[in-house]
Amino acid sequence: MGNKKQMFGTNGVRGVVGEMMTPTLVLKIGAALGSMRNGTIAVGRDTRTSGEALAHALKAGLLMTGCDVVDMGILPTPALQYIIKTDDRFAGGAMITASHNPPEYNGVKIIEADGTEMADDEIIRLEDRFFAGEFDAAAWDGVGTETAAPDRLEEYIQAVVGHFPAGIGKGMTVVVDPGSGPAALTTPVILERMGCRVHTINARLDGTFPGRMPEPTPEGLQPLSEMVIATGADFGVAHDGDADRAVFVDNKGRYIEENYEFGLIEDYVCSRNRGGLVVTPVATSRLIRDIAGKHGCTVDYTPVGSIYVARRMIELIGQGKNVSFGGEGNGGLIYSDHQFCRDGGMTAAMMVAVLASHNGRDLSDIIDELPVYHLVKEKYHAPDPAALVRAVEEALPGETIEKIDGIKIIRDDAWALVRASGTEPMIRIMIESKDPGVADTMYREIMQVVRQA
C-alpha cells in the first residue's frame with residue numbers, strides 16, 4: 001500500500017478537462033470506489049460544462065462493480081453530503097466538481113456514508129486499487145441500476161431553514177451571487193423562506209461562468225457590491241463553484257475578509273454555546289482566539305484543510321467534548337449541530353441570524369468594531385519544500401514553535417506559519433500581527449532565512 005496520496009489533493013482530485021481529467025480516469029475512480037464501498041452510492045455535480053460527461057463515466061464505473069447509483073443532478077456539495085449523511089441507504093457518494101478552480105478544470109470529491117470527505121488513509125487505498133486496476137467487476141446479473149432523484153435537494157433546503165426561528169429574516173434585503181453555480185438552486189430559496197427579500201446576480205446555471213470566475217474574489221464581486229448599494233440591501237453573499245464556501249459584502253458594498261466573516265458567525269454561535277471548543281487550522285487569524293475567549297471557548301488547532309477540521313470535530317465530540325464551532329479562514333464554515341462539512345448555504349443563513357441578533361444595526365458597524373489584524377501571505381517556489389521548512393526551523397533557535405502543519409512561530413505580538421503546499425512544489429508563508437510594522441519585520445526575517453537556505 002502507498003504511504004502518500006498521489007492523485008488526490010486536500011480536496012479530491014482535480015485537473016484540466018481533456019488533459020489530466022478524462023472520462024477514462026473518472027470511470028476508474030468510480031470502479032475503485034464501487035469496489036471499496038459496495039452498496040448504494042449518491043452522485044452529484046456542479047454546473048461545469050464537462051460535468052455531464054464525467055458524471056456518466058463515474059456512474060459507469062460504480063454500476064460495473066454492482067453498486068446502485070442515485071443521481072442527484074446539479075446541487076451544492078454540502079447538499080449532497082447532507083443527503084448522504086441523513087439517509088442510511090447510502091454507502092457513500094461522489095461529487096463531480098473542481099470547486100473554485102477555473103472553468104476548464106473538473107474533479108471528483110469522495111464522500112463517506114457519514115457525509116464527510118474520505119480520509120487520507122482510505123484515499124490511499126482507493127488510489128492503490130486505481131493504479132493496480134483492481135476492480136471487483138460484477139457478473140452480468142449483478143450489475144447495478146441507476147435512479148435519478150433531483151427533487152431531494154428540498155431535504156437540504158428544509159434542514160437549513162429549519163435551523164432558525166420562522167421569519168427571522170423579515171424586513172431584511174439580501175443580494176445572492178451564486179456565480180452561475182449550484183447555489184443558484186438553494187441559497188435564494190433558503191433566504192426567501194427565512195423571510196428575506198432576495199435579489200440575485202449570476203443566478204443562471206452556466207458552466208462557462210459568464211459573470212465571474214468560480215473563485216469569489218473582491219474584484220469578481222464588484223457587480224455584487226454595486227447591486228447591494230443600488231438595492232439598499234443589508235448584505236450580499238457569494239459562493240464558490242460548489243457552494244461549500246460563502247463570502248460576503250457588507251451594506252456599504254465592502255468585501256468582508258473571510259477571517260472576519262468567521263469571527264462574526266463564531267461570535268453568534270459561541271454566545272449560544274459558551275465554554276465549548278472552536279476547531280480551526282493553524283493558518284486562521286488570532287481574531288478567532290480573541291472571540292472564542294470572550295465566550296469562554298478554547299481554540300483547537302488542526303493542519304490546513306477542511307477535512308482535518310471536520311474529523312477533529314467528530315473526534316472531540318466522540319470524547320464527550322463540547323464543540324461549539326469549526327471552520328477555515330476562507331469562508332468554509334462547519335456547524336457541528338448540522339453536519340461535518342463546510343456549508344455555504346448554512347453560512348448564508350447564519351449571516352441573517354447574526355444580523356437579527358444585533359437588532360437592526362448595520363453589518364458595516366458590527367464589523368468595524370472587530371479588532372484589526374494585518375496579514376502577510378507569500379509563496380516561495382522550491383524543489384524540496386519540506387527540506388526548506390526544516391531549514392527555517394533550524395535557523396530560528398529559541399523561538400516558540402508549534403508543528404501541527406509545517407512550523408508555526410509564535411511570538412506575543414505576531415505569528416508566522418511556514419508550510420509546504422499540499423498542491424504544488426512551494427512553501428506558503430503567512431504572518432499576522434495587529435501592527436503592520438511588526439508583521440513586515442518578521443516577514444523580512446523569515447525571507448532572509450529562506451533565501452539563505
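The largest cavity in this predicted model has a volume of about 100 Å³. Of its 13 lining residues, Thr10, Gly12, Glu117, Met118 and Ile123 are the closest to the centre. What do I mean by a cavity? On a 1 Å grid over the protein atoms alone, it is a set of points where a 1.4 Å probe fits but cannot get out. Lining residues have an atom within 4 Å of a point. Grid points are joined across faces, edges and corners, and the volume is the space filled by probe spheres set on the points.

A word on the ground rules. Residues are numbered from 1 along each chain as its sequence is written, and side-chain values use heavy atoms, with hydrogens and water left out. Because the model is predicted, local features need pLDDT of at least 70 and side-chain atom pairs count only at pLDDT 80 or more, while totals for chains, interfaces and linings use all residues.

Back to that cavity. β5 (105-112) and α4 (120-132) each supply at least two residues of the lining. Helices here are DSSP runs of H or I, at least four residues; strands are runs of E, at least two; both are numbered from the N terminus. The lining splits into 5 nonpolar, 4 polar and 4 charged residues. For those classes, Ala, Val, Leu, Ile, Met, Phe, Trp, Tyr, Cys and Pro are nonpolar; Asp, Glu, Lys and Arg are charged; the others, Gly among them, are polar.

How many cavities of 30 Å³ or more does the structure hold? There are 3. The second largest has a volume of about 70 Å³. Its lining includes Gln81, Glu117, Phe340 and Arg342. Helix α10 (residues 306-318) gives the largest share of that lining, 4 residues.

Now the open space. A pocket is an open set of points with protein on both sides within 12 Å along at least five of seven lines. The second largest pocket holds about 210 Å³ of space. Of its 13 lining residues, His163, Val269, Arg272, Asp337 and Met350 lie nearest the centre. Two elements, α8 (258-271) and β13 (323-327), give two or more residues each. β13 gives the most, with 3 residues. By class, the lining has 7 nonpolar, 4 polar and 2 charged residues.

Next, the sheet. Which strands build it, and in what order? It is an open sheet of 5 strands, β15-β19-β18-β17-β16, with antiparallel pairing. Two strands pair if DSSP finds at least two bridges between them. The edge strands, β15 (374-381) and β16, each pair on one side only.

Take it from one edge. β15 and strand β19 (residues 426-433) run antiparallel, joined by 8 bridges. Lys379 stands opposite Arg428 in β19. At the other edge, β16 (residues 400-402) meets β17 (residues 407-410) over 3 bridges. Thr400 sits opposite Ile410 there. These two strands form a hairpin with 4 residues between them, and Gly406 in the turn has a positive phi of about 65°. β17 and β18 make another hairpin, with 3 residues between them. Ile409 has Ala416 of β18 as its bridge partner.

Last, the helices. Helix α14 (residues 436-452) lies across β15, β17, β18 and β19, in contact by heavy atoms within 4.5 Å. Its direction runs at about 155° to β19. Axes are lines fitted to C-alpha atoms, for helices over the stretch in contact, and angles run from 0 to 180 degrees between N-to-C directions.
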